[in-house]
Amino acid sequence: MMYGGFSDTKPATAEIQEIADKVKSQLEQKENRKFSVFKAVSYRSQVVAGSIYYIKVDVGDGEFIHMTVLEPLPHENKPLSLLSYQTKKTQDDELEDS
């Protein structure tokens, strides 16, 4: 993948699930609700000054959320950050930058 370009949508990996789990509490706080199901199902990524991940998450009952997560460069020593999200998505909705 070239810098600044988006990857194709791929099935979520254990690493992507770990990224989603690390920003779950940020999303729960913004949405003022708890998610008992929180399973990353697919993602796209973009390499910039760090990495941006667009992650589709199954939150149960046929509802999906699309999250945009920034993973800063390692030398910045900063945590993952939930940049934006979209609720009320379906399994068939395309992952797009939000």
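**Exercise 1. Overall size**

Task: Which radius of gyration does the protein have, and why does it agree with a compact globule?

Solution: Start with the chain length, 98 residues. A compact globule of that length would have a radius of gyration near 13 Å. The protein has 13 Å, so the two agree. Keep in mind that this is a predicted model. Next, look at the box. Along the principal axes, the C-alpha atoms fill roughly 35 × 25 × 25 Å.

**Exercise 2. Order of the elements**

Task: How many helices and strands are in the protein, and which pattern do they follow?

Solution: Count first: there are 1 helix and 5 strands. Then read along the sequence. The pattern is β-α-β-β-β-β. Now turn to the contacts with a separation of 6 or more. Residues 24 or more positions apart account for 48% of them.

**Exercise 3. Surface and charge**

Task: What share of the residues is buried, and what share of the accessible surface belongs to carbon and sulfur atoms?

Solution: Of the 98 residues, 39% count as buried. The accessible surface comes to about 6,000 Å². Carbon and sulfur atoms hold 46% of that surface. Add the charges: 12 side chains are positive and 16 are negative. The centres of these two sets lie 4 Å apart.

**Exercise 4. The nonpolar core**

Task: How many residues has the largest nonpolar core, and which elements give two or more residues to it?

Solution: Begin with the general tendency. In soluble globular proteins, nonpolar side chains tend to be buried together. Here the largest nonpolar core has 18 residues. F38, I55, M67 and V69 have the most contacts inside it. Two or more residues come from each of α1 (14-31), β2 (39-48), β3 (50-60) and β4 (63-71). The largest share, 5 residues, comes from α1.

Now take I55. Leave aside its neighbours within four places in sequence. I55 is then in contact with residues including I16, I19 and A20. Its other partners include A40, Y43, M67, V69 and L95.

**Exercise 5. A closer look at F38**

Task: Where is F38 placed, and is F38 buried or exposed?

Solution: First, locate the residue. F38 is in the loop between α1 and β2. Second, check the relative accessible area: 9%. Buried means under 20%. Therefore F38 is buried. Third, list partners, not counting residues up to four places away in sequence. F38 touches, among others, Q17, A20, K24, L27, V57 and M67. D58 is also one of the residues it touches. F38 and D58 are 20 residues apart along the chain, and their C-alpha atoms are separated by 5.7 Å.

Notes:
Residues are numbered from 1 along each chain as its sequence is written. This is a predicted model: local features need pLDDT of at least 70, side-chain atom pairs count only at pLDDT 80 or more; totals for chains, interfaces and linings use all residues. Side-chain values use heavy atoms; hydrogens and water are left out. A nonpolar core is a set of buried Ala, Val, Leu, Ile, Met, Phe, Trp, Tyr and Cys residues joined through side-chain atoms within 4.5 Å. Buried means under 20% relative accessible area, exposed over 50%, partly exposed in between (1.4 Å probe, protein chains only). Helices (H or I, at least four residues) and strands (E, at least two) are DSSP runs, numbered from the N terminus. Contact means heavy atoms within 4.5 Å. The radius of gyration is taken over C-alpha atoms; the globule rule is 2.2 Å times the number of residues to the power 0.38. Accessible areas come from the Shrake-Rupley method with a 1.4 Å probe; for residues, only the protein chains shown count as cover. Lys and Arg count as positive and Asp and Glu as negative; His and the chain ends are not counted. The place of a charge is taken as NZ of Lys, CZ of Arg, CG of Asp or CD of Glu.
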